[in-house]
Amino acid sequence: MSKINKLAVQTAGLAKSYNGFWALKGIDFSVQKGEIFGFLGPNGAGKTTTLRIITGLSRSNRGDVFIFGHNIQKDEIWVKQHIGAVPEVSNLYPELSSLNNLIFIAQLYGIAKKSRRERAEDLLREFGLYDKRNVLFSQLSKGMKRSLTIAASLVHKPEIVFLDEPTIGLDVASSRHLRALIQQLHRSGVTIFLTTHNIGEAEALCQRVAILVKGEIISMDTVEALKRMTPAPQRLIFTVDGIKQGLKQQLSRMERVKSLELTNSSIEVQCDDVDLVLEAVLKILRKEKVRIRAINTASASLEDTFVHLTGLDLELMKIDKELKP
């Protein structure tokens, strides 16, 4: 048991069936204390099902889950006192203000009456929502609603927070702000379990990632280790002043080129011999008198890894809503 206590989460043979359909097929994984752990997969993979079991909202058909060494079924009250959960759809009260939502959540967790308001106001300041403290939850923007929902999960100062698709449906600015808040939480020592179908989000935030497909974990490792598993060609990226007509045809005839993408201001070449292709591209661009602003190289991304390991089209990450009870 001492080994388990060093882990924030540990599962063993976790399986879940809905009317004969196995949404989880016996998965095993662990989350180290203090890390951001990503659960990555397309909608329908079983991510939310896993999260619901771990946070006590659903029961597995078989298997065990431990939170800091405590079995979630035998020590349910202890577990709920030490975790925070942020569902994909907010569970806060639309008729209450931002401040009163947090005060009410503090009351539910048994925080002393004299401390509730102070704790709520501290969280509102931390999440940049203090100016909205008297605004009804229903009147907040989507990004503010997600931020407040995360703040609510932290009222009782949990050791681990479970986030289910935290940036889904948000605009670019709100998503960026929320990711910054997640990183801030991590720096404060909170362990974070993140489910997402956003590959870029997982790559940017997580130390380790488990890739879940059709109820099974097909790979789990650090982001960098996963990327090294991918036999993807390297990429050369040229930033230029403009693309001349007929240039793509010339570039596509080069040897060792796997793929070629052109926009009005960039040329991206996937290849298996950077030196040879770089020399050939430069020769063509000089001949056509195309001004080069910058040249960069890029190796395999987590997106490349996902495609390599799963064989799935990335569009599948955006469709087929996950089966929920």
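The exercises below, each with a worked solution, concern a predicted model of a protein chain.

**Exercise 1. The chain as a whole**

Find how many helices and strands the protein chain has, and what share of its residues count as buried.

*Solution.* Start with the secondary structure, where the protein chain of this predicted model shows 12 helices and 14 strands. Next take the extent of the chain, whose C-alpha atoms fill a box of roughly 75 × 45 × 35 Å when it is taken along the principal axes. Then turn to burial: the chain has 325 residues, and 46% of them count as buried. Finally, look at the contacts with a separation of 6 or more, of which 69% are accounted for by residues 24 or more positions apart.

**Exercise 2. Helix H4 against helix H6**

Decide whether H4 and H6 are roughly parallel or roughly antiparallel to each other, and list the residues that make the contact.

*Solution.* Two packed helices are described by the angle between their axes and the distance between the axes, so these two values are the place to begin. For helix H4 (residues 98-108) and helix H6 (residues 142-153) the angle is about 25 degrees, and the axes are 9 Å apart. Angles under 35 degrees count as roughly parallel, and H4 and H6 are therefore roughly parallel to each other. Their crossing is right-handed. On the side of H4 the contact is made by Ser98, Leu102 and Ile105, and on the side of H6 by Leu148, Ala151 and Ala152. Sorted by character, the residues of this contact comprise five nonpolar, one polar and no charged.

**Exercise 3. Helix H6 against helix H7**

Work out how the axes of H6 and helix H7 (residues 172-187) are arranged, and how the residues of their contact divide into nonpolar, polar and charged.

*Solution.* The axes of H6 and H7 cross at roughly 15 degrees and come within 9 Å. With the cut-off for roughly parallel at angles under 35 degrees, H6 and H7 are therefore roughly parallel to each other. The crossing of H6 and H7 is right-handed. From H6 the contact draws on Gly143, Arg146, Ser147 and Ile150, while H7 supplies Ser174, His177, Leu178, Leu181 and Leu185. The residues of the contact of H6 with H7 divide into four nonpolar, four polar and one charged.

**Exercise 4. The surroundings of Lys47, Ser60 and Ser153**

Determine whether Lys47 is buried or exposed, and then do likewise for Ser60 and for Ser153.

*Solution.* The cut-off needed here is that buried means under 20% relative accessible area. Lys47 belongs to helix H2 (residues 47-54), and because its relative accessibility is 0%, Lys47 counts as buried. The side chain of Lys47 reaches two backbone oxygens, that of Gly41 at 3.0 Å and that of Pro42 at 3.2 Å.

Ser60 is found in the loop between H2 and strand E4 (62-67), and with a relative accessible area of 15% Ser60 is buried. The side chain of Ser60 reaches the backbone oxygen of Arg62 at 3.4 Å. When neighbours within four places in sequence are left aside, Ser60 is in contact with Leu14, Ala15, Lys16, Ile53 and Gln73.

Ser153 lies in helix H6, and its relative accessible area of 5% makes Ser153 buried. Leaving aside neighbours within four places in sequence, the residues in contact with Ser153 are Gly84, Ala85, Val86, Pro158 and Val161. Ser153 and Leu163 are 10 residues apart along the chain, and their C-alpha atoms are separated by 9.6 Å.

**Exercise 5. Positive phi in Phe68 and Lys157**

State where Phe68 and Lys157 lie, and decide for each whether it is buried or exposed.

*Solution.* Begin with Phe68, which lies in the loop between E4 and strand E5 (70-71). Its phi is near 50 degrees, a positive value in a residue other than glycine. Phe68 has a relative accessible area of 8% and is therefore buried.

Continue with Lys157, whose place is in the loop between H6 and strand E7 (160-164). Lys157 is not a glycine, yet it has a positive phi of about 55 degrees. Because exposed means over 50% relative accessible area, Lys157, at 62% relative accessibility, counts as exposed.

Terms used: Residues numbered from 1 in each chain as written. Predicted model: local features only at pLDDT ≥ 70, side-chain atom pairs only at ≥ 80, totals over all residues. Heavy atoms only, no water. Helix = DSSP H or I, 4+ residues; strand = E, 2+ residues; numbered from the N terminus. Buried < 20%, exposed > 50% of the residue type's maximum accessible area, 1.4 Å probe, protein only. Polar contact = N/O pair within 3.5 Å; in protein donor to acceptor, adjacent residues only side chain to side chain. Axes fitted to C-alpha atoms, helices over the stretch in contact; angles between N-to-C directions. Parallel < 35°, antiparallel > 145°, perpendicular 65-115°, else oblique. Left-handed = near helix turned anticlockwise from the far one by under 90°. Contact = heavy atoms within 4.5 Å. Nonpolar A, V, L, I, M, F, W, Y, C, P; charged D, E, K, R; others polar.
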